[in-house]
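Work through the exercises below with the sequence and the 3D structure at hand, and try each task before reading its solution.

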Amino acid sequence: MKLSGVLPALVTPFRDGAVDFGALQAHMTHLRAAGVSGWVPNGSTGEYFSQSTDERRAVLQFVKDFALPGETLIAGTNAPATREVIEQTAMAKAIGYDIVLLAPPFYTRPTQTDLIHHYEAVLNAVDVSIVLYSYPAKDGSDISFEVLDHFADHPRVIGIKESSGVLQRAIAISSRYAGKIQLVSGSDDIALDFMLWGAESWICGPANCMAKPCCDLDRAWKSGDLPRARQIMQVLFGAMNSLESGKFVQKIKYGCALQGLPVGDCRAPLGTLTEAEKAEFHAAMEPILTW
């Protein structure tokens, strides 16, 4: 399957301690109007780590029911243990997801051989395709070329969301695995660079609060209008850079509220933004709010 376009890593709205599905519907309606090409629920931006299995199931079902034919669906099914990843992946498959997004299990710091066995176990247990997710700063474990070499010819390992922030690594992936493993943009502040090096899709947390310019960037690049793409990236860069500086999910949820689509606060242990942090991100969002 060829992945393409902006795929928002969806926030999960909360209200009074529960998932707010009314807010989620309004939010996704807004994103669809902006031109996103699909949906990625229950990722780290969606605070999957704070959700019960029943909540994760309900979110996956809601997003599946909302999706239109032709919109790409990718379920986040991460968990700290292989057994639980298999259970979450099987649940997603039963709901109707044929692709899952999988980072290395967090906290355990598996070796590269461990990771190979982990992903093999998931592939053998559930008939899904996998987009690998490399974010070593968050997961404490990298997805090395040893792992990528092992799965390069596997028909159901279709891509890697590369969030290391290291452009040289993205270039190496694009070059080394051309026609085998798709490079998916996951370093938002250098998204245009990823496009230059072959990324045709962007699994994008910031799209929750800046969907229109993100989609316009993708469209400008694909139409061959590099000057326009550069202009859009320059507008986005300030807010993207702020997100990378810390409190990523909190700022994205605050950005949604600035867009007139409140999605509630984050669940503990994620804390709230200070007034100074709100002011700083609001200023960075200003040119986006008037897009």
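The exercises that follow concern pockets and aromatic rings in a predicted model.

**Exercise 1.** Describe the largest pocket by its volume, its lining and the helices that contribute to that lining.

*Solution.* Begin with the volume, which is about 330 Å³ for the largest pocket. Next, turn to the lining, which is made up of 17 residues, and note that Ser44, Tyr48, Phe49, Lys138 and Asp139 are the ones nearest the centre of the pocket. Sorted by class, these lining residues comprise 10 nonpolar, four polar and three charged ones. Finally, look at the helices: α5 (136-139) and α11 (248-258) each give at least two residues to the lining, and the largest share, three residues, is supplied by α11.

**Exercise 2.** Describe the second largest pocket by following the steps used above, starting from its volume.

*Solution.* The second largest pocket has a volume of about 250 Å³. Its lining consists of 19 residues, and Tyr135, Gly186, Asp188, Glu244 and Phe248 are the closest to its centre. By class, the lining divides into six nonpolar, eight polar and five charged residues. Among the helices, α10 (226-244) and α11 each contribute at least two residues to this lining.

**Exercise 3.** Classify the aromatic pair formed by Phe21 and Phe62, and state for each residue whether it is buried or exposed to some degree.

*Solution.* A search of the whole structure yields seven aromatic pairs. In the pair of Phe21 and Phe62, the ring centres are 5.3 Å apart and the planes make an angle of 40 degrees, a geometry that counts as tilted. Phe21 belongs to helix α1 (residues 21-34) and Phe62 to helix α2 (residues 53-66), so the pair ties together parts that lie 41 residues apart in sequence. As for accessibility, Phe21 is partly exposed at a relative accessible area of 28%, whereas Phe62, at 19%, is buried, because buried means under 20%.

**Exercise 4.** Classify the pair of Tyr119 and Phe151 from the geometry of the two rings.

*Solution.* The ring centres of Tyr119 and Phe151 are 6.3 Å apart and the planes stand at 85 degrees, so this pair is edge-to-face. The pair links distant parts of the chain, with Tyr119 in helix α4 (residues 112-125) and Phe151 in helix α6 (residues 145-151), 32 residues apart. Tyr119 is buried at 1% relative accessibility, and Phe151 is buried with a relative accessible area of 2%.

**Exercise 5.** Find which arginines lie over the ring of Phe145.

*Solution.* The charged end of Arg169 sits over this ring, 5.8 Å from its centre, and Arg176 lies over the face of Phe145 at 4.7 Å from the ring centre.

Definitions and conventions: Residues numbered from 1 in each chain as written. Predicted model: local features only at pLDDT ≥ 70, side-chain atom pairs only at ≥ 80, totals over all residues. Heavy atoms only, no water. 1 Å grid on protein atoms, 1.4 Å probe; cavity = no way out; pocket = protein on both sides within 12 Å on 5 of 7 lines; lining within 4 Å. Points joined across faces, edges and corners; volume = space filled by probe spheres on them. Helix = DSSP H or I, 4+ residues; strand = E, 2+ residues; numbered from the N terminus. Nonpolar A, V, L, I, M, F, W, Y, C, P; charged D, E, K, R; others polar. Phe/Tyr/Trp six-rings, centres within 6.5 Å; stacked < 30°, edge-to-face > 60°. Buried < 20%, exposed > 50% of the residue type's maximum accessible area, 1.4 Å probe, protein only. Lys NZ or Arg CZ within 6 Å of the ring centre and 35° of its normal.
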